[in-house]
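Student: I'd like to go through this structure with you and ask how each label is earned. Can you put it up?

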Amino acid sequence: MDVLIESTRGFEKDIAKLSEDEKAAAIKKINDCASLFPTQKADVYRKLHPLSLPTNLNGYESSLYTLKVSRTLTVIWAVDEDPIFGQVIFTLFRVVKDDELYKAYQGVAESLYQDMLHHNLETAQIS
């Protein structure tokens, strides 16, 4: 299984603001998960934590997770498994201090699921 790691502009901005030690810790934690995933997927998922979304996704499950890097630092990322192409894609959205986590997570979820959230509002208004 191939593991691809993609980073967003938000992640790149966040990581640029970190100290060298924090950057190194975040990159090590991400790379550790990437190297373990092909053979120890269950162990990787045990390290990840889904956070609740602001609304229902019409039966779909979110692929957004958080990964704790240190006592005060967390990565927000998506894990998308593609069995047809035998790969998994880790998309790095943000790396934030814990006091910014909720706001950052809400922002990522809203931008990713905007169409579904908008559809839910339309459905609610019609009902």
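**Cores, sheet and salt bridges**

Tutor: Let's start inside: the largest nonpolar core has 21 residues, and Phe11, Leu48, Val75, Trp77, Val79, Phe90 and Val95 are those that touch the most other members. Two or more residues of this core come from each of α1, α2, β3, β4 and β5. There is also a second, separate core of 11 residues, with Ala78, Ala104, Tyr105 and Val108 among them. Keep in mind that this is a predicted model.

Student: What makes a set of residues a nonpolar core?

Tutor: The members have to be buried residues of the nonpolar kinds, joined through side-chain atoms within 4.5 Å. Phe90 is a good one to look at in the viewer. Leaving aside neighbours within four places in sequence, Phe90 is in contact with Val3, Leu4, Ile5, Glu6, Cys33, Ala34, Phe37, Trp77, Ala78 and Val79.

Student: What is the overall layout of the chain?

Tutor: The chain has 5 helices and 5 strands, and along the sequence they follow the pattern β-α-α-α-β-β-β-β-α-α. Of its 127 residues, 35% are buried. Among contacts with a separation of 6 or more, 58% are between residues 24 or more positions apart. The accessible surface is about 8000 Å², and carbon and sulfur atoms account for 53% of that.

Student: How are the strands ordered in the sheet, and what makes β1 and β2 edge strands?

Tutor: The 5 strands form an open sheet in the order β1-β5-β4-β3-β2, with mixed pairing. β1 and β2 (48-49) each have a single partner strand, so one side of each is left without a neighbour in the sheet.

Student: How do you know that β1 and β5 are paired?

Tutor: Pairing takes at least two bridges between the strands. β1 and β5 are joined by 6 bridges and run parallel, so by that cut-off they pair. For one residue to click on, take Asp2, whose bridge partner in β5 is Gln87.

Student: Why is Thr66 called buried?

Tutor: The cut-off for buried is under 20% relative accessible area. Thr66 has 5%, so buried is the right word. Thr66 is in strand β3 (residues 64-68). Setting aside neighbours within four places in sequence, its contacts are Lys47, Leu48, His49, Leu51, Thr74, Val75, Ile76, Leu101 and Tyr105.

Student: Which residues of helix α1 are buried, and what puts them on the same side?

Tutor: In α1 (residues 9-16), the buried ones are Phe11, Asp14 and Ile15. Around the axis they cover an arc of only 95°, which is why they are on the same side of α1. The face turned away from that buried side carries the exposed residues Arg9, Lys13 and Ala16. As for what covers the buried residues of α1, it includes β1 (2-7), α2 (20-36), β4 (73-82) and β5 (87-97).

Student: Asp14 is on that buried list. What makes its pairing with Arg94 a salt bridge?

Tutor: The rule asks for a side-chain nitrogen of Lys or Arg within 4 Å of a carboxyl oxygen of Asp or Glu. Asp14 and Arg94 come in at 2.5 Å, N to O, so they pass. Asp14 lies in helix α1 and Arg94 in strand β5, so the pair ties together parts that are 80 residues apart in sequence. Asp14, at 8% relative accessible area, is buried, whereas Arg94, at 23%, counts as partly exposed.

Student: How many salt bridges are there by this rule?

Tutor: The count comes to 7. Another is Lys23 with Glu20, where the closest N and O atoms are 3.4 Å apart; that is within 4 Å, so the pair qualifies. Lys23 and Glu20 are 3 residues apart in helix α2, so about one helical turn separates them. Glu20 has a relative accessible area of 58%, and exposed means over 50%, so that label fits.

Student: What about Arg46 and Asp43: how exposed are they?

Tutor: Arg46 is exposed, at 60% relative accessibility, while Asp43 is partly exposed at 29%. Their side chains meet in a salt bridge at 2.2 Å, N to O. They are 3 residues apart in helix α3 (residues 41-47), which again means a separation of about one helical turn.

Notes. Residues numbered from 1 in each chain as written. Predicted model: local features only at pLDDT ≥ 70, side-chain atom pairs only at ≥ 80, totals over all residues. Heavy atoms only, no water. Buried < 20%, exposed > 50% of the residue type's maximum accessible area, 1.4 Å probe, protein only. Helix = DSSP H or I, 4+ residues; strand = E, 2+ residues; numbered from the N terminus. Arc of directions from axis to C-beta. Contact = heavy atoms within 4.5 Å. Areas by Shrake-Rupley, 256 points an atom, 1.4 Å probe, with all protein chains shown as cover.
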